[in-house]
Amino acid sequence: MTDAAILVKNVSKKFGDTLVLRDINLEVPRGQVSCLIGPSGSGKSTLLRCMAFLEQATSGTITIEGEPLGFVEGPNGRRLQTAAELRQTRSKIGMVFQQFNLWPHMTALGNVSASLRRVRKLSKAEAEDRAMAQLEKVGLKERAGFYPSQLSGGQQQRVAIARALALDPTIMLFDEPTSALDPELTGEVLNVMRALADEGMTMVVVTHEIGFAASVGNKICFLDHGKLLFHDTPEKVFAAPREPRLEQFLDTYLDRGAIMLR
Amino acid sequence: MSFDFAVILAKGPEILMGLGVTILIWIVGTFFAVILGFVVATARRFGGRLVDTLLTLPIEVLRGTPFLVQIFLLYFGGPYIGLRLDPITAGLLGLSVYGAAYYAEIFRAGYQSVPIGHVEAATCVGFSRGQTILFVLLPEMALLVMPPSLNMAVILLKETALLSLITVPEMTMTVSAIGSQQYAFVESLVVLAVVYWALVELANFLGRMTERKLSKLGTT
Ligand SMILES: Nc1ncnc2c1ncn2[C@@H]1O[C@H](COP(=O)(O)OP(=O)(O)OP(=O)(O)O)[C@@H](O)[C@H]1O
Ligand SMILES: [Mg+2]
C-alpha cells in the first residue's frame, strides 16, 4: 500500500466532445494539504468532483487510501461499484461546496446529525451529541438550533464543514469554500480549515485564496486548460522565476492579497 | 329599481347547504388533485423517459382545454362509453383530474428547483437514493411548491362554480335558483360574489399563516 491518501492516475474527463481534464497524474499524501489553483474553467472543480465520484472520469483511475474509487477491476475489465461499495469508499471523504448546499429544512444540528442517524444508524440522542461536538469544533455550538436561512454565509459554510466531518472522514475536499462569501467572512472559514490542517487532516482545496494556498498548502497544483502543469511546494511554485502561465494567472490576483508574493 | 337582498338571505339554510357542498367538493377534489398530481410528477421524475413522455400528452390536453368542456364531456359524454356518473361524483372526478394536471406541473417544477448540490451533499454523506429522496428532495420540494399550490387551490375553489352546469347542488346552483324563483337575479350574483370572495380571502389567510410559520425553512 502506498502512502498516498488519493492517487490520481491518467485521469481524463470529457463532457460530450470537450476534453476538460487531460491525463492528470497526482498524488495527495496523507496528512497534507494540496491546493488546486488555476484559471476559471481549467477543470479544478471537475477534478475535485472526480475525487468524490460526483463525476465519473472518462478514463484513468482514482484510488482512495489504496481502494479503487467508483470502479473495481474484475476478470472482464472494470465494472462500476455497487451503491453499497461506493458508499463505503466515499465514507472516507468529506466534501465542502462553494454554495454550502445545506439542507434548508433542517437546523444546523439537523444538517450535521443527519448522516449519523440515517447512515451510521445512531440513536437521535447519540447522533446529536456527536453533531454538537462537531459544531463546537467549528465554533457554532450556540447556533445549533438555527436554520440555514438564519445564519450568515460564513456560519453556513462552517456548518457545512461540520456536516462533512460528522462521519469522521480521513480526507476533506473543498471546492472554493470561500468564493461565495463576503470578504469579511472568509477569515472565519479559513481559520477552521487551518485548524483542520494543523490536526493532520488530508485536504484538497480548490481555492482562489492564493495567500491561504501559500501559507497552508503543502503542495500547490496548477491546472491550466485541463492539464496539471505542475505541482510542487509553495516555496518552489511561487519562487521567481515563475512559469509564464502561472505568472499570467497570478497577475490577475495582485489586487486580492497576492501582492505579498511579489 | 332597488336591490332586495332580504328575499335571498331569507333562504339562509339552503344557501348554507350549497356552501357546504361547495366546500366539500373543493376540499376533497383538491386533496385528490394534489395526491394524483404528486404521483404523476414523481413518476415522471423517477420513472424514466418513457413514462415521462407518456404522461406529457394527457397533462397538456387537460391544461389546454376549458374545465367546462372537460366536465361536459365527462358528464354528458361519459354515458356513451358506459360511464354513468351522478353529478357530484362527476364533479369531484372532474375537479380532481383537472387539478391534478396543474399540480403535476407544479410538483415537476418543484423537483427541478431543488438545487442539485443539495442532492450531491446527501450523496457525499452516504445517503442512499431512497434516503436522499425521502429526507432531502421531498421536504425541500414541499416547501418550494407551497405558494403555487395554495394559489392553485384557490383557483380550483372558483372553478367549482362551473359544476352548477352539470347540476351539482353547490352554492352557485343553489343561489342562482333562489335568485330566479324570487326574481332577484342580480342580487343572487352579488351574494355569490361576496361569499366566494370571503372564502378565497379565508383560504389566502390560512395560506399566509402557514407560509409565515415555514418561512425560516426557506431556501437560502
Ligand atoms: N456538467 C458539465 N457539462 C458540460 N461541461 C461542463 C460541465 N461541468 C463543467 N464543464 C466544463 O468543463 C470545464 C471545466 O469546468 P470546471 O468547473 O471544472 O472549471 P473550474 O476550474 O472549476 O472553474 P471555476 O474556477 O470557474 O470554478 C469548463 O469549460 C466547463 O464549462
Ligand atoms: Mg470550479
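Colleague: Where in chain A is A:Asp168 found?

Modeller: A:Asp168 is in the loop between α5 (153-165) and β9 (171-175) of chain A. Helices (H or I, at least four residues) and strands (E, at least two) are DSSP runs, numbered from the N terminus. Before we go on, a word on conventions: this is a predicted model, in which local features need pLDDT of at least 70 and side-chain atom pairs count only at pLDDT 80 or more, while totals for chains, interfaces and linings use all residues. Residues are numbered from 1 along each chain as its sequence is written, chains are lettered from A and ligands numbered from 1 in the order in which they are written, and side-chain values use heavy atoms, with hydrogens and water left out.

Colleague: What is the phi of A:Asp168?

Modeller: The general idea is that most residues other than glycine have a negative phi. A:Asp168 is not a glycine, yet its phi is positive, about 55 degrees. A:His225 also has a positive phi, near 50 degrees, and lies in the loop between β11 (219-224) and β12 (227-232) of chain A.

Colleague: Thanks! Let's turn to the ligand. Which residues surround ligand 1?

Modeller: A residue counts as near a molecule if one of its heavy atoms lies within 4 Å of it. Those around ligand 1 include A:Phe15, A:Val20, A:Lys44, A:Ser45, A:Thr46, A:Glu176 and A:His208. Helix α1 (residues 44-51) of chain A gives the most to this shell, 3 residues.

Colleague: Which polar side-chain atoms should I look at around ligand 1?

Modeller: A polar contact is a pair of N or O atoms within 3.5 Å; within protein, one must be able to donate a hydrogen and the other to accept it, and residues adjacent in sequence count only if both atoms are side-chain atoms. Here, a polar side-chain atom of A:Ser45 lies 2.7 Å from an oxygen atom of ligand 1. For A:Thr46 the distance to a ligand oxygen is 2.5 Å, and for an N or O atom in the side chain of A:Glu176 it is 3.2 Å.

Colleague: And how do I read the size of an interface, such as that of chain B and chain A?

Modeller: Interface size is often given as the accessible area lost when the parts come together. Chain B and chain A bury about 2,100 Å² between them, with 66% of it on carbon and sulfur atoms; buried area is the accessible area (1.4 Å probe) that two parts lose on being put together, summed over both. In terms of contact (heavy atoms within 4.5 Å), 22 residues of chain B meet 25 residues of chain A.

Colleague: How many salt bridges are found across that interface?

Modeller: The rule asks for a side-chain nitrogen of Lys or Arg within 4 Å of a carboxyl oxygen of Asp or Glu. It finds 1 salt bridge between chain B and chain A, and A:Arg49 and B:Glu120 meet in a salt bridge at 2.7 Å, N to O. On the chain B side, α6 (116-124) and α7 (129-159) are the elements that give two or more residues, and α6(B) supplies the largest share, 7 residues.

Colleague: What does chain B look like overall, in helices and strands?

Modeller: Chain B has 9 helices and 0 strands. Its C-alpha atoms fill a box of roughly 75 × 45 × 25 Å along the principal axes.
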